Amino acid sequence: MKARNALLAAFTLSTLATAVQAADEVVVYSARIDELIKPVFDAYTEKTGVKVKFITDKEAPLIARLKAEGANTPADLLITVDAGNLWQAEQEGVLQPTKSDVIDANIPAQYRSSTDSWTGLSLRARTIFYSTERVKPQELSTYEALADKNWEGRLCLRTSKKVYNQSLTATLIEAHGAEKTEEIVKGWVNNLATDVFPDDTALLQAIDAGQCDVGITNTYYYGRLHKQQPDLKVKPFWPNQDDRGVHVNLAGAGVTKHAPHAEQAKKLLEWMTTPEAQSIFAGVNQEFPANPAVAPSEEVAAWGTFKADSVATEVAGKRQAEATMLMDRAGWQ
Ligand code: FE
């Protein structure tokens, strides 16, 4: 009898704890690092009183953890980068659809999952960067043209293992089909000045140092490096302005399949698409707000405006396997 009462008491306590949690807390698993999410959550807590608890890790362990925890997960929201990763999370069954008029109104459809399983929150262009000492911008035109003979021994690329390049290749396949894309990618590989780089920053430094003349990286890496090194002899170029536009990818989030506080998670996600949150979320990482009504920070605006590819970003996920095999066949390490 005593044991039964203790059990009952424990049950009541844990039920109570859950009820209290549900009212004022959201738990986030984030592949975006602390300093890029905490300012947004702090602003939300200040505004609403709702506490946001979070852990950060790489996307693969976070998705594995969500799968392992299943219905017992404490996580309400998953934040990660690249539509390719968000699409993967959706395929792994760790997200649930969140239908929201607020999100639909704030974020263009191309930056959201077609099943409402995730939404983009900030945008980054994966664009061409060139040496201001050895390249005139007039010599540049498209991603495809970097396969031309003219760039032989002058191009730097990051490893094909990184999802960013897989997503870029996926959108090329969407635009040109596999055969032509393989030709383009082979052309890039033939034009490499040196081995592929493990990260975008090292690539930009290689252009600055004269190891190569052009390369493809995400805009915020340039923003960070340029801040440290204002005399960087590297500039962005916006390719494909006469056809489909610049490849744009995103950081985004979705409510988890077994979110204990799904309603609170939805409210937080909705708020994150509003101008107040968008300025912070994009601003801390020199990204473009995903909400087109919100202006980018001054330093990002200084790079100029461009036409972005209007392809649905989830194509990056849908064609990821195809892209990875194609890059392998083309010899992109
Ligand atoms: Fe990155």
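How many residue pairs are in polar contact between domain 1 and domain 2? Read on through the close-ups of this predicted model to find out.

**View 1. Here are the two domains of the protein chain.** Domain 1 is made of two stretches, 2-122 and 250-296, and domain 2 is also pieced together, from 124-247 and 309-329. Take the centre of each domain over its C-alpha atoms, and you'll find 31 Å between them.

**View 2. This one zooms in on where domain 1 meets domain 2.** On the domain 1 side, 21 residues are in contact with 20 residues of domain 2. Together the two domains bury about 1600 Å², and carbon and sulfur atoms give 47% of that area. Look out for Trp-87, Gln-110 and Gln-286: they supply 34% of the area that domain 1 buries against domain 2, which is more than any other three residues do.

**View 3. Now for the polar links between the domains.** Here's the answer to the opening question: nine residue pairs are in polar contact between domain 1 and domain 2, counting pairs with both residues at pLDDT 80 or more. The count of salt bridges between the two domains is one. In a salt bridge, the side chains of Glu-287 and Arg-124 meet at 2.7 Å, N to O.

**View 4. Last up is the side of domain 1 that touches domain 2.** Two elements give two or more residues to this side: α4 (83-91) and β8 (247-255). Of the elements, α4 gives the most, with five residues. Sort the residues of this side by type and you get nine nonpolar, nine polar and three charged.

Terms used. Residues numbered from 1 in each chain as written. Predicted model: local features only at pLDDT ≥ 70, side-chain atom pairs only at ≥ 80, totals over all residues. Heavy atoms only, no water. Domains from an automatic or database assignment. Contact = heavy atoms within 4.5 Å. Buried area = accessible area lost by both parts, 1.4 Å probe. Salt bridge = Lys/Arg side-chain N within 4 Å of Asp/Glu carboxyl O. Polar contact = N/O pair within 3.5 Å; in protein donor to acceptor, adjacent residues only side chain to side chain. Helix = DSSP H or I, 4+ residues; strand = E, 2+ residues; numbered from the N terminus. Nonpolar A, V, L, I, M, F, W, Y, C, P; charged D, E, K, R; others polar.
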